[in-house]
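These are my notebook entries on a structure I opened today. I looked up overall dimensions, one helix and the contact between chains.

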Amino acid sequence: MVSTLGLPAETSEGASPELEVRGLTKNYSIGRIGRQKVVRALSEVDLSVEKGEVIGLVGESGSGKTTFARMVVFLERPTAGEILVGGRTLPRRPSAHRLREHRREVQMIFQDPYSSLDPRNSVRYSVARPLRSFGLVPRSAEREAVEELLDQVGLVPAVGFLRRYPHELSGGQRQRVGIARALAAQPSLILADEPTSMLDVSIRLTIMNLLLDLQRSRSLSLVFITHDLGAANYMSDRIAIMYAGRIQEIGPASVVMSEPKHPYTQLLHQAAPGPENERRQGAPFEAKGDPPDLTSLPPGCPFAPRCPFVQARCREALPALRQVGAAHRVRCVLYD
Amino acid sequence: MPPLLEISELTIGYGWQPPPSVIAVRGVSLSVAAGEIVGIAGESGCGKTTLALAAAGLLDPPGRVLSGSVSYQGTDLTSLSANELRHLHLAEISMVFQASMNVLNPIMRIRDQFHDAMAAHGVHSSDGARQQAEETFDLVKIPRRFFDAYPHQLSGGMRQRAVIALAIVLRPKLLFLDEPTTALDVVVQRSILQSLDELRHQLGFGVVFITHDLSLLVEIADRIAIMYAGALVEEAPGRELHEKPCHPYTTALMSCFPPLGGPRQRLQGIPGQPPDLRNLPKGCPFALRCPEVIAGTCEAVDPPTVWLDGDHRVLCHLFGEKAADVG
């Protein structure tokens, strides 16, 4: 079986999950007309996020994490697949009205706080804009609402930040503005795309704590995208490991961290810096090979060329995502 | 044997006119021996890059060495002319900068960039420059076929390897690396660090490795120096620093990294912000954020340097009594 469609959803406790994604696929065409190549950025991803759940999406550059987030927010149109938010399907070509509704519910926090805020807009303007465009508060209460949001993201005293511009803020403060702007829409789902990778170490943790506090107090669903396993473990209830545009392993954070099954997950574990990383002692294999070429993926497992446990059948067909434990699934022939 | 590099009591300021408007590095002493990796860690703005620039003889105005000395194999770098430094750079002392993948000239083939660098130091094609460069490619594990490529044809990790190859092509004795792997993925980072570790054993150069990622340093550095607000607040062998961090700032910095395993628990990180270097508070610069601050002492008196063991020193009032015991 090649397709993973039709697998049961993670949990089915009556209420529909906050986000459900089925067979999400994105191909980009690159190159001159007539000599075009297809980049398979994301292939047949199934994922559901429950209300109030944090999912950590982990992988290298080019693994499809950001593409996933951009499609869920509908900054890009999927090549195939379905996106359901709160049980409602987003049409393939949503009307302007429907797209506005979707963006109210689903917000994104971007990686680079230096380029995700318009340098010409004051903090007040940036944060007020979602309030205004979604008609969430009357104009008369707008200033108060912005101050409250700034307060919640730790920009205190809020009055002191209203009239500031991005160039007057530090990276951490900018990222807080980005978070306030996302919260302003009162979303039920936030996709945070490596929100701390551009920040200094000491600030990363405060931003992660802030996201966790906000997520809990508002029972938000959060997709936390990162390449740092430690951060994913700190933030997430479940972790999904992506490679070459597919989910290779998904399960409860504690299980994926303590018993990584997929050889690629094991490689990520070994590569993670940190003295407490004992897995490196007697490591079964070292980092070798290059990330996959998304324009010519092999027919079988995309990790096969780098995998130390590779078998002949790995190169023949893509392994299915198999259940290996409670809510723990792995795409690898070793567990067939 | 004297150390390769000896920085003593170095103070560096920025400003066109005296007095300088910012003191970026204050009274830092540090030494590096051949074949040794010395790590420098700290938050943005703690002075780690300024220290490295000065130690490599690359500090440009408005940055100025105000006092102290940098001695490379007995020569005071601060007293050398620009021309003398030029002969030293690359041949004896090399530096790899942050995001250095972008230092390669995009419209020159990599081989030409190597040839230029080598020719500037008198190594020409006739002397087997190409062979030496290709051997260096082997060392950093880039296939030789990329020697004739343009930078954009290489992946990010490969470009970083090429820059490291360029830095060591003339076999310098001392290599400065400023956040060399920050922009790279973990797997690529890991393999570059492995190569670096092999190379310094193979070629015997000393390394100054600057990063804000302390968890990385603990693994690869022989000794680690922690900087805060321009001061070197703790220095110890890598393992010892990890097992027995003494300065409250080091402890706080360690707690900024969520662990890979174990139960999930909330980490606090470091509350507050580093002080404004233009307007440093009296006493210990960390006092305002320090969980173990001694009221009346830390905010008023400059902390002493205390040697705990032979090679572990800390700049902190908490250990003052211990010093008295030893003394």
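Entry 1, dimensions of chain B. I first compared the radius of gyration of chain B with the value for a compact globule. The model is predicted, and chain B has a radius of gyration of 21 Å. A compact globule of 327 residues would have one near 20 Å, so the two values agree. I then took the box along the principal axes, and the C-alpha atoms of chain B fill roughly 70 × 50 × 35 Å.

Entry 2, make-up of chain B. I recorded ten helices and twelve strands for chain B. I noted that 46% of its 327 residues count as buried. I also looked at contacts in chain B between residues at least 6 apart in sequence, and found that 63% of these join residues at least 24 apart.

Entry 3, helix H3 of chain A. I looked up the burial of residues 123-133, which form this helix. Buried there are A:Val123, A:Ser126, A:Val127, A:Ala128, A:Pro130 and A:Leu131. I asked what covers the buried residues of H3(A). The cover includes helices H4 (142-152), H5 (159-162) and H6 (171-184) of chain A. After H3(A) I found A:Gly135, with a positive phi near 60°.

Entry 4, contact between the chains. I found 28 residues of chain A in contact with 27 residues of chain B. On the chain A side, helices H7 (201-217), H8 (229-235), H9 (253-258) and H10 (263-271) each supply at least two residues. I sorted the residues of that side by class and obtained 13 nonpolar, ten polar and five charged.

Methods:
Residues numbered from 1 in each chain as written. Chains lettered and ligands numbered in written order. Predicted model: local features only at pLDDT ≥ 70, side-chain atom pairs only at ≥ 80, totals over all residues. Contact = placed C-beta atoms within 7 Å. Nonpolar A, V, L, I, M, F, W, Y, C, P; charged D, E, K, R; others polar. Rg over C-alpha atoms; globule rule 2.2 N^0.38 Å. Buried ≥ 20, exposed ≤ 12 C-beta atoms within 10 Å, placed from the backbone.
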